[in-house]
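Reader: I should be grateful for a close look at the beginning of the chain in the model shown below. Please set that part in the context of the whole before turning to its details.

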Protein chains: 2
Amino acid sequence: MNARLDELKARLLEVNDLGSAAAVLRWDQATYMPPGGAGARGRQLATLGRLAHEKFTDAALGRLLDALERETRDLPRDADDVSLVRVTRREYERSVRVPAAFVSEMSEHDAHSYQVWTEARPANDFARMRPLLEQTLDLSRRLAGFFPGYESIADPLIDYSDPGLKAAAVRLLFAELRERLVPLVRAITAQPPADDSCLRQHAPEADQLAFGLGVIRRYGFDLERGRQDKTHHPFMTKFSLGDVRITTRVREDDLTDALFSTLHECGHALYEQGIRHEYDGTPLAEGASAGVHESQSRLWENLVGRSRGFWEHFYPRLQASFPAQLATVPLETFYRAINRVARSLIRTDADEVTYNLHVMLRFDLELDLLEGRLEVKDLPDAWRTRMMTDLGLSPPDDRDGALQDVHWYAGLIGGQFQGYTIGNILSAQFFAAATRAHPAIPGEIARGEFGALHAWLRENVYQHGAKFTADELVERATGSPMSIEPYLDYLWRKYQPLYGLGGAGPPRG
Amino acid sequence: MNARLDELKARLLEVNDLGSAAAVLRWDQATYMPPGGAGARGRQLATLGRLAHEKFTDAALGRLLDALERETRDLPRDADDVSLVRVTRREYERSVRVPAAFVSEMSEHDAHSYQVWTEARPANDFARMRPLLEQTLDLSRRLAGFFPGYESIADPLIDYSDPGLKAAAVRLLFAELRERLVPLVRAITAQPPADDSCLRQHAPEADQLAFGLGVIRRYGFDLERGRQDKTHHPFMTKFSLGDVRITTRVREDDLTDALFSTLHECGHALYEQGIRHEYDGTPLAEGASAGVHESQSRLWENLVGRSRGFWEHFYPRLQASFPAQLATVPLETFYRAINRVARSLIRTDADEVTYNLHVMLRFDLELDLLEGRLEVKDLPDAWRTRMMTDLGLSPPDDRDGALQDVHWYAGLIGGQFQGYTIGNILSAQFFAAATRAHPAIPGEIARGEFGALHAWLRENVYQHGAKFTADELVERATGSPMSIEPYLDYLWRKYQPLYGLGGAGPPRG
């Protein structure tokens, strides 16, 4: 068995090396690549993707898995080797069904579509994107078609990011959440809005970056094994467990936009940096699912980074970095400003209460497109209609409507958004469990210390990588299955006093 | 034939994509990678290198070349397709003759030797390097042995960097050059040395970088198809003809070190950016040889960048960037400082007159080692003796003697150095030819304009990539074979007035 395991690991390492090389190329494309590099870069990424796919779908690897499954049948499910075989099998099946030519067609299309989108969005030119998006929809459907037997055509696509999750389950979960969230949003937005003018002040880029970097070092982001750069759209990427990078964007007319984006990506990075090093180069060295990954970005961005305790420690320091802007602004004003709830057009700018309404809109539109209830040409209108229904406002143009997120313009339609809201739900569930285990955590946060929280998360979530499914991990870490109650409870406890809401708990629909 | 050509190009593109990906990974390793990424990065590069080698040495590619050679037999030698087949054949033969096991033995030895050298050089410990260098010599000889039928054992090694060039020809050329250069160095160093204290002043990094970038934009470096970053050791690299990057280092206690390194790498980059775009992704999209490549870095660094005309335009601008340092320093003082000739121990710090003596010393020692006239144990002594003969000074230790350059300690002995001096020789020959064709060039340079020079080089050198051998290219571009006369003429015209040398032309030995 050991010889077979060694061969499996060697083969996986080769696939991983090609994937990591592609990740470096994509990072470079987003950070430093000059425009002239775009054409060849798309082709290079397609080649790496194709070769990785060829290597990973080698029939010899399938035979190795067959043999290893027989040999490990009687070992415990959570033994590392058993988990490696199991998770590799899941990925293997997902890969062998998709022809290499299709993978390369898709990745070339994605690169091209992304490049065009970077021009079409600022130009508010949905017409230019439309044929590309129609191709994307077609490719997404063809991809799902390689996995017959699904309930919803979205299921195989969702499975790529949240293994095992079904569209029907998400629809149910989201319906329940939406039913309780919409009244909460209504109750809050019936109150006078918080004044956030203190954030809309000029703040030099270098100072913003320095402050953010200072905070994430305190969080525990290891700069010996990571770095931060600037991009148009912030993201986290990993080239090995020793090289985990985040990116941010800076708006000099917004004092905290870069900061919260930095805290968000840092949450993703802490997860990756915390995976057991023995897993490096294998399919176990990933997050458990998009939802669990997002729970960490939201936890560190919102539950920690927008909490009153956090700012009791950091606000005097922020004032020292930006004295001209903040010296005369009281903590309470600032705290209300960064937690302002308002109906808005842009998902990435949305507050943590309305954010999920943006996500659920996208999830439903993805389903409608995939399941044939909506045509691409009608997407901008459908977007406007749903925005009006859920948020009571409608984008004046497509730039801030259907063109706003990169996802559909550089990847699949389907499975792209549910993870964000699942992440919000789980962030509160994990945080509540950590605080139950270590009641000192809130006090520590108020002193700018994050050791106990980080250690609990590393122990209960991060170290396991992709060894457990999201369901297993949540159950093990929190003692119960995924539930929206901790999240609604968190929102209520935070926003009830902020907006002086009446009643003993969150309003029901 | 077209179907075969298309298949050849598709196969070459795949090899090229893997090589370009590796180049991105190496660039990142040198610029931005955090320390924690090092282990995995080495493995990722090894994987990409191995796959590229496997793909390029595929027997099917050899059969394609056989067929295409038959089919293109009657087409003109300089037709693009014929050239592609010819140049690919050259690279192919070079790759298939060397067993993969040998390549991996060599690359492991190189990595180990380099690691030891980084400690042994500062410790002045040649004894520690000796057994490793003996292995390097043995490996270099074995590598040459895969290409039987050579005149000199150095020929196959030289062929890697300067295709078609023979040790005997270089020996002849260098003997002739040395005979005339040594007396010139003696004549110059008999005069009082120039005062270069105006350069040894503190100059902030950002201002140095901004000034250098301003100059290379004027040179014609296309920032839409390239960029500049900082590294420990400056280099030029290319990911496609649309993405050509240079790096530099900055010493804040040296006002022009970063500038001249920038102009040097920019020369390499202008060459690559000027290659015909139809060649992108094929073996034709390279420089003709190390010597021709170096001719472009030296031309833009020295013949242009250290000329009086250049500084008539740029010196007032440099003074404006560094008023505290240069406002009271006259142009003539600065011009003499940047062209100071002095006998020195270190090749990379040497001026353009003595530089070649350093290079020729190394070339001759390489030949002596390879051809068995010198043993590794006697290398430090041989180095000291030759330094005394040629430059009239001798290193006090091996750190600044036989241990100084990384080349032998991280790669072959043989073929590593001749390109530097051939570059100097050709830089003057190309510049003279350009000026004959466009007598306005010197006047343009004195106005900070480089259009005519750049256009001539693009037309006569750059666009052809690796289509012609160095000999063919030089003959086509300048009307005569490589000759040392333009170079000696350039040196004499420049340094005779600078140092008030007597006589009507360069002294003869």
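Author: A helix is here a DSSP run of H or I with at least four residues, and a strand is a run of E with at least two; both are numbered from the N terminus. By that count, chain A holds 21 helices and three strands. The model is a predicted one, and the part you ask about is helix 1, residues 2-31 of chain A.

The setting comes first. Chain A has 509 residues, of which 46% count as buried. Its C-alpha atoms fill a box of roughly 65 × 50 × 45 Å along the principal axes. The radius of gyration of chain A is 23 Å, which agrees with the value near 23 Å for a compact globule with 509 residues. Among the contacts in chain A with a separation of 6 or more, 73% join residues 24 or more positions apart.

Within this chain, the domain assignment gives domain 1 as residues 2-160, and domain 2 as residues 205-343 together with 422-477. Helix 1, at residues 2-31, therefore falls in domain 1, whose assigned range is 2-160. Over C-alpha atoms, the centres of domain 1 and domain 2 of chain A are 27 Å apart. Where the two domains of chain A touch, domain 1 gives 17 residues and domain 2 gives 16. On the side of domain 1 of chain A, the elements that give two or more residues are helix 1 and helix 4 (80-96). Helix 1 of chain A supplies the largest share of that side, 10 residues. By class, this side of domain 1 of chain A is made up of eight nonpolar, five polar and four charged residues.

The beginning of the chain also takes part in a second contact, that with chain B. There, 29 residues of chain A meet 31 residues of chain B. Helix 1 of chain A is among the elements that supply at least two residues each to this side, together with helix 2 (38-56), strand 1 (226-230) and strand 2 (236-240). The side of chain A that touches chain B comprises 12 nonpolar, nine polar and eight charged residues. Helix 1 of chain A thus appears on the side that faces domain 2 of chain A and on the side that touches chain B.

How are the two chains related? A turn of 173° with a shift of 0.7 Å along the axis lays chain A on chain B, with an RMSD of 1.3 Å. The same surface serves both copies, as 100% of the contact residues of chain A recur in chain B.

The interior offers another view of this region. The largest nonpolar core has 261 residues, and the members that touch the most others are A21(A), F430(A), A21(B) and F430(B). This core lies between domain 1 and domain 2 of chain A, because both domains give residues to it. In general, nonpolar side chains of soluble globular proteins tend to be buried together. For the partner named in chain B, and apart from neighbours within four places in sequence, F430(B) is in contact with S295(B), L299(B), L457(B), V461(B), A477(B) and T478(B).

Individual positions show how burial varies in helix 1. A10(A) lies in helix 1 of chain A, and it counts as exposed because it has 10 C-beta neighbours inside 10 Å, where 12 or fewer is the limit for that class. G19(B), by contrast, lies in helix 1 of chain B and is buried, since 20 other C-beta atoms lie within 10 Å. As to distances, the C-alpha atoms of A10(A) and D489(A) are separated by 47 Å, at 479 residues apart along the chain. The C-alpha atoms of G19(B) and I246(B), 227 residues apart along the chain, are separated by 17 Å.

For comparison, one may consider a loop elsewhere in domain 1. The loop between helix 5 (100-120) and helix 6 (126-145) of chain A holds N124(A), as well as A123(A). A123(A) is exposed, with 10 other C-beta atoms within 10 Å, whereas N124(A) is partly exposed, with 15. N124(A) also has a positive phi of about 55° although it is not a glycine. Most residues other than glycine have a negative phi. In chain B, N124(B) likewise has a positive phi, near 55°, and lies in the loop between helix 5 and helix 6 of that chain.

Note on methods. Residues are numbered from 1 along each chain as its sequence is written. Chains are lettered from A and ligands numbered from 1 in the order in which they are written. This is a predicted model: local features need pLDDT of at least 70, side-chain atom pairs count only at pLDDT 80 or more; totals for chains, interfaces and linings use all residues. Copies are superposed by least squares on the C-alpha atoms of residues with pLDDT of at least 70 in both. Two residues are in contact if their C-beta atoms, placed from the backbone, lie within 7 Å. Ala, Val, Leu, Ile, Met, Phe, Trp, Tyr, Cys and Pro count as nonpolar, Asp, Glu, Lys and Arg as charged, and the others, Gly among them, as polar. A nonpolar core is a set of buried Ala, Val, Leu, Ile, Met, Phe, Trp, Tyr and Cys residues joined through C-beta atoms within 7 Å. The radius of gyration is taken over C-alpha atoms; the globule rule is 2.2 Å times the number of residues to the power 0.38.
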